Every structure is written in C-alpha cells, then in structure tokens.
Amino acid sequence: MQNTSSTQRPPSHLFYQSRLRRPLVDRAEGIYLWDQEGRRMIDGSSGAMVVNIGHGNRNVLDAMKRQMDRVTFAYRLHFENEPAEDLARMAAERLPEGMDRIFFVSGGSEAVESCIKLARQWALAVGQSERWKVISRFPSYHGGTLGALGVTGYAALSDPFSPMMREMPKIPAPTAYLDRDNLTMEQRGIKYADMLEEKILAEGPESVLAFIMEPIGGASTGALVAPDSYFPRIREICDRYGILLIHDEVMSGVGRTGKFLGGDHWNCKPDLIALSKGFASGYCPLGAMAAPSRLVKPVLDAGGFQHGFTYAGNPLACAAGVAVLNEIDRLGLIDNAARMGEVLKGELERLSERFPFIGDVRGKGLLLAAEFVSDRETMKPLPKELNAHQRMVDMAYERGLIIYSRRTRGGVEGDHFLVCPPMIVTNEEIGSITSILGDTLE
Ligand code: PMP
C-alpha cells in the first residue's frame, strides 16, 4: 500500500476538500482508526454517530463475506431475499408493538422521506387529502434531500433552497434547560409540548398531516433531552387532532442511548419511525422506515406506495444489518451503552466542575454532549468569533481524539461538542477519552 504523507499528496479531485486536509485512513478496529502514517486515533464520535458496534467486527465482516460469495444485489421487483426478510423480522421484534412493516432504504434522509411520503399517501387513501403539513422543530436535522430539508430546522442548510421546496411549519425544540422562569422542569416540558397545539391551531388542524421530532436530539441540538412530561403530552396532542407522530431515530436509535430506541426511555408509541446510522453500524449504507400495518394497508389497497429506491433492501446491506443486531445481542451492547454512558457522563460532569465554561452536560447512554457558555448563571453563549466548538474538535484531533461539534443549541446560538464513542467502549477507554478531553479543555 502506498504510504503518502499529507504534504506529499497530489491535488484531490474529490468534491469535498476537507478544511485541514485530513490524513488518509488506513484501517480500523474497535474504537480506533489508524491513518496511513500509522497514527492511531480514538473514534470518540463513532464517525457521525454511526459505528455503534465498533470498527472491524469479525462476525459482521464474515457474515458480509458469506453474503458476497452468494449474491450482493438482486432487484426487489425481481427477487425477495432472505437477509431482508430476516432483518425486517428482527427489527419488528425490537420495535414498539405493532411496528410490523419495515421499508428498507439506504440512509437517514431516505428513511425520513419515506415516513413523510407514507404519511401523505395514507391521508390520501383514507380520504383526508387536505392534510399535508408536517410540523417539525428548530433546531433539528432530518436530512439533506429536499423533502427532509423542508422539515429540517437549520436555516443555513435550507435557506438556499427555499424557492424550490416547501418550508414546513416549525416549533422550538424543548430547551427547558435554558429557561430562567419559575416553572419546574415538568411544567416546562408541558409548555414546549403545548407549542405544538398552538401551531396546529394556527395552521388549521385539518391541514396538518404529521409532527416529526428526534426523541433525543442529535448533532443539531447537542443531545437535547426533553423533560419527561413532554412526551405523553405530544402524543396526546397528536391524537387529539388525528396527526401522525414521526420519530426520527436515525441517530438515537439502535441502542446508542442505552435502549433500542431513544423514545423507549419514555415508552413512546410513535406512528412512524426512521432508522439508519447504527442499523448497519457503518458496515453498509442502510436505513429503514418502520410503520404499522394499519397505515400501510390502506396505501397498498389504494394502488401501492408510490415511492422507493433502487438499492433498497439489497442482500448485502441487510446481511450486515442482521449481523450487527446479532452482535448487539451477543455482546450485550445496549446495556453496555447504558452503563458506559453513565460513566462517561459522570466524567463530563467532573470536567464541567473543573472548567466553568462548560455550562451543561446532557444526553442519554452514549449520545452525550457538553455545551460551552461564557456565564453559567445566565447560560450566555461564548462569542461566535471564538469558534469554540471547531477549535475544540481540531485540538482534540491533534491529541488523537475524534469528537463531533456544532454551533447551534436549542434555537439560540451557542457551541457544543458531542462525545459518542462506539457502544463497545470500556471503562479504561473512557479514561483515555476523558484524559484527552481534559487536556484539550485546559
Ligand atoms: N436524521 C437525523 C436525526 C440525522 O442525524 C441524520 C444524519 N446526521 C439524518 C436524518 C440524515 O441521515 P443521512 O445523512 O444518512 O441521510
């Protein structure tokens, strides 16, 4: 293999030229990645919260090799395939009761698009053609395709396309931790949920089709967790107006938060669920929409689901997905994510005691974030010019640790970084991660 240092590399023709010209990756195992110069990095963000079971898992690779030797692609209109059947069954067994129809796609945006399009076609099939608005939250991220972007609350990403797409109505994400009022957290949860009802009434309840949210916020909000009271109230409001509740579990799903779904922490029963990222843990592009038969049947009876993608349900991606779910069970990774998440959160809280510019530590399981502030009392963010979140990522990278960051917190400008190592992480490895974080923050 060619071992080319970053200074000797020829100009790249790849579309994305990374800001710092990152090194060429060579190999990966467990929570580590090596570049071609032999430098080892800790993957403290599982890629982009993708590689949930860790890199180089032998059993997954062997299952994929066995599948590759048989067939890697067969078009879904020509053949059914066993890995897709197996994965759909295994997913349904792990999802809330009644989520028994699995529609495979190749990524998170496609999964969200599928939920939106199924919801709309269900409304048409049951004679509610006036329903088309999908309310979402800001900030939020639901994907880069134009439909998913329409429900994404991240103006810098969607503004350039505003003449070309439907910007859907938004309500604020429940940033109760920032509020300085006399309400309890539970009262604040209700307050934020009630904003959905106000929005539905303002839009006209008969025109609203669905509400989409990340049960535990991802990168856009920095692992934002709503007060417990938020979830039952949201369900109640959706039911009152006959609106479908879509959970985007692309980042929070498949064990990362210490339960199979982020929504499982509150025993939530959404109507549609989008999955991706951890579903095949980065071993193959894979995503899915989960839906109950009661929504799927009217659509199929009315002439079929007018939607689909070429690579959907391909045997190789599904074989990877089956092997990933088996490894999650065999290694007890969901429990480990819960346990190690507690340990890591405790360490982040200790760092926040040492560094007063950490104003909030939050998240569940191994979907964790810390937020920078200039004043902990008022939770005033750091000045934008400091570019604190990017500097944190760059300085940690120099010290051998990959983390993820953003400037945006619930509806307000601010900096946070996410620490989300693979679910196989050990106590000792958490020690290494927090020691580098401490060094970097210092
Ligand atoms: N929804 C959420 C919550 C996400 O975090 C992401 C990706 N970061 C997406 C959707 C889009 O997924 P993809 O990039 O695979 O299309």
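## Ligand shell, domains and a helix pair

In this predicted model, 15 residues surround the ligand, and those that come nearest are Gly107, Gly108, Ser109, Gly143 and Val250. Helix α4, which spans residues 108-125, gives the most to this shell, with three residues. Sorted by class, the shell around the ligand holds six nonpolar, seven polar and two charged residues.

The protein is divided into domain 1, made of residues 25-56 together with 332-441, and domain 2, made of residues 61-330. Taken over C-alpha atoms, the centres of the two domains are separated by 25 Å, and 33 residues of domain 1 are in contact with 33 residues of domain 2. On the side of domain 1 that touches domain 2, at least two residues each are supplied by α1 (46-49), α11 (333-354), β11 (358-364), β12 (367-372), β14 (404-409) and β15 (412-419), and α11 gives the most, with five residues.

Helix α12 (residues 388-398) and helix α13 (residues 427-441) have axes that come within 9 Å and cross at roughly 125°; α12 and α13 are therefore oblique to each other. The crossing in which α12 passes α13 is right-handed, and the contact is made by Met392, Met395 and Ala396 of α12 with Ile436, Leu437 and Thr440 of α13.

The table sets out the residue classes of the three groups described above.

| Group | Nonpolar | Polar | Charged |
|---|---|---|---|
| Shell around the ligand | six residues | seven residues | two residues |
| Side of domain 1 that touches domain 2 | 18 residues | nine residues | six residues |
| Contact of α12 with α13 | five residues | one residue | no residues |

Key
Residues numbered from 1 in each chain as written. Predicted model: local features only at pLDDT ≥ 70, side-chain atom pairs only at ≥ 80, totals over all residues. Near = placed C-beta within 6 Å. Helix = DSSP H or I, 4+ residues; strand = E, 2+ residues; numbered from the N terminus. Nonpolar A, V, L, I, M, F, W, Y, C, P; charged D, E, K, R; others polar. Domains from an automatic or database assignment. Contact = placed C-beta atoms within 7 Å. Axes fitted to C-alpha atoms, helices over the stretch in contact; angles between N-to-C directions. Parallel < 35°, antiparallel > 145°, perpendicular 65-115°, else oblique. Left-handed = near helix turned anticlockwise from the far one by under 90°.
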